[in-house]
Amino acid sequence: MTVKASPVSWRRVGHVGVVTMEAPERRNPLSVETMLALTQTFRTLGESDLRAIVLAATGPVFSAGHDMREMLDRSVEEEREIFRVCTELMETIQAVPQPVVAAVQGPALAAGCQLVATCDLAVAATTAVFGTPGVRIGLFCSTPMVAVSRAIGRKRALQMLMTGTPVDAATAAEWGLINEAVEPEVVFERALELAQLVANASPLTLEIGKQAFYHQIDLPQAQAYESMREVMASNAISCDAQEGMNAFLEKRSPTWVGR
């Protein structure tokens, strides 16, 4: 089954939902329409029994970023709305309980690079490139900077942001922007494989872990430990954690119940 909310569709592959951007003729821009459709799709899947999500795109380009035609001759209020919608999308991806894996088959630029950096995991073609070229047209990639700088660190992020020069997939993997670079013909298959591997875990445990990760990552170490020991203690008494530990000790596969 494929559900389409133009220019976005989604389908189910076992326990994995596959969300696809489908505007290849325009290089899959993150127009307001596309961002709203993605946000709604992720929210719908977030409430489903799916255990992982793959974000993919059709055509030679993953996403060229914002639709600049929507940004010309606008008031500051209208510009704010574009970036509000964008921020809402990025926050939704990290708020849904399922891990989200980006399958990057081609260039991911500006807000497209932000989208990759926002996903929990990412697999890219060796031919893909990643960049934040806004500085070259007088529009610094400030919102992409939020996600990119958290993924790869200050100096590398500033190099991308201040020069606008893209990096190849091998560099992106070395820097931590993506998890791995693979041959172009197997990008989707590898992303799906990774999502299915993740989906083997307890959905409750994945939800707890994902939200805990984003909560603690920017906290001072002492606060992070204080917060995470409470999370882990609560997790430990859940049915799935008790089942998992018993299954390990009994040398059998666990049966998850989601609580």
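Which residue forms a salt bridge with Arg-252? In this predicted model, the partner is Glu-243, and the closest N and O atoms of the pair are 2.7 Å apart. The legends below take this pair and several other sites in turn.

**Figure 1. Close-up of the salt bridge between Glu-243 and Arg-252.** The two side chains approach to 2.7 Å, taken between the closest N and O atoms. Glu-243 has a relative accessible area of 17% and is buried, because buried means under 20%. Arg-252, at 35% relative accessibility, counts as partly exposed. Elsewhere, salt bridges that share partners join Arg-43, Glu-81, Arg-84 and Glu-88 into one network. A search of the whole structure gives 12 salt bridges.

**Figure 2. Close-up of Arg-190 with Glu-180 and Glu-193.** Arg-190 meets the side chain of Glu-180 in a salt bridge with an N to O distance of 3.0 Å. Glu-180 belongs to strand 10 (residues 180-182) and Arg-190 to helix 7 (residues 187-199), so this pair ties together parts that are 10 residues apart in sequence. Arg-190 also forms a salt bridge with Glu-193, where the closest N and O atoms are 3.1 Å apart. Here both residues lie in helix 7, and their spacing of three residues is about one turn of the helix. Glu-180 counts as partly exposed at 22% relative accessibility. Arg-190 is likewise partly exposed, at 22%. Glu-193 is partly exposed with a relative accessible area of 46%.

**Figure 3. Close-up of the largest pocket, with a volume of about 820 Å³.** The lining consists of 31 residues. Those nearest the centre of the pocket are Gln-94, Ala-117, Thr-118, Phe-213 and Tyr-214. The elements that contribute two or more residues to this lining are helix 2 (76-95), helix 3 (111-118), strand 7 (121-125), helix 4 (142-152) and helix 8 (203-216). By residue class, the lining divides into 18 nonpolar, eight polar and five charged residues.

**Figure 4. Close-up of the second largest pocket, with a volume of about 500 Å³.** This pocket is lined by 23 residues. Ala-64, Gly-65, His-66, Met-68 and Ala-110 lie nearest its centre. Helix 4 provides the largest share of the lining, three residues. The lining residues of the second largest pocket comprise 14 nonpolar, five polar and four charged.

**Figure 5. Close-up of the open three-stranded sheet, in the order 6-8-9.** The pairing in this sheet is mixed. Strand 6 (108-109) and strand 9 (167-168) stand at the edges with a single partner strand each, so one side of each has no neighbour in the sheet. Strand 8 (residues 129-131) pairs with strand 9 in the antiparallel sense over two bridges. Within this part of the sheet, Phe-130 stands opposite Val-167 of strand 9. Strands of a sheet pair through backbone hydrogen bonds, in a parallel or an antiparallel sense.

**Figure 6. Close-up of the hairpin of strand 2 and strand 3.** Strand 2 (residues 8-13) and strand 3 (residues 16-21) run antiparallel and are joined by six bridges. Arg-12 stands opposite Gly-17 in strand 3. Two residues lie between the strands of the hairpin, and Gly-14 takes a positive phi near 65°.

**Figure 7. Close-up of Asn-235 in helix 9 (residues 221-236).** Is Asn-235 buried or exposed? Its relative accessibility is 16%, so Asn-235 counts as buried. Leaving aside residues up to four places away in sequence, Asn-235 touches Thr-205, Ile-208 and Ala-241.

**Figure 8. Close-up of Ile-237 in the loop between helix 9 and helix 10 (239-249).** Ile-237 counts as exposed, at 69% relative accessibility. Val-257 is 20 residues from Ile-237 along the chain, and the C-alpha atoms of the two residues are separated by 13 Å.

Key
Residues numbered from 1 in each chain as written. Predicted model: local features only at pLDDT ≥ 70, side-chain atom pairs only at ≥ 80, totals over all residues. Heavy atoms only, no water. 1 Å grid on protein atoms, 1.4 Å probe; cavity = no way out; pocket = protein on both sides within 12 Å on 5 of 7 lines; lining within 4 Å. Points joined across faces, edges and corners; volume = space filled by probe spheres on them. Helix = DSSP H or I, 4+ residues; strand = E, 2+ residues; numbered from the N terminus. Nonpolar A, V, L, I, M, F, W, Y, C, P; charged D, E, K, R; others polar. Buried < 20%, exposed > 50% of the residue type's maximum accessible area, 1.4 Å probe, protein only. Contact = heavy atoms within 4.5 Å. Salt bridge = Lys/Arg side-chain N within 4 Å of Asp/Glu carboxyl O. Pairing = 2+ DSSP bridges.
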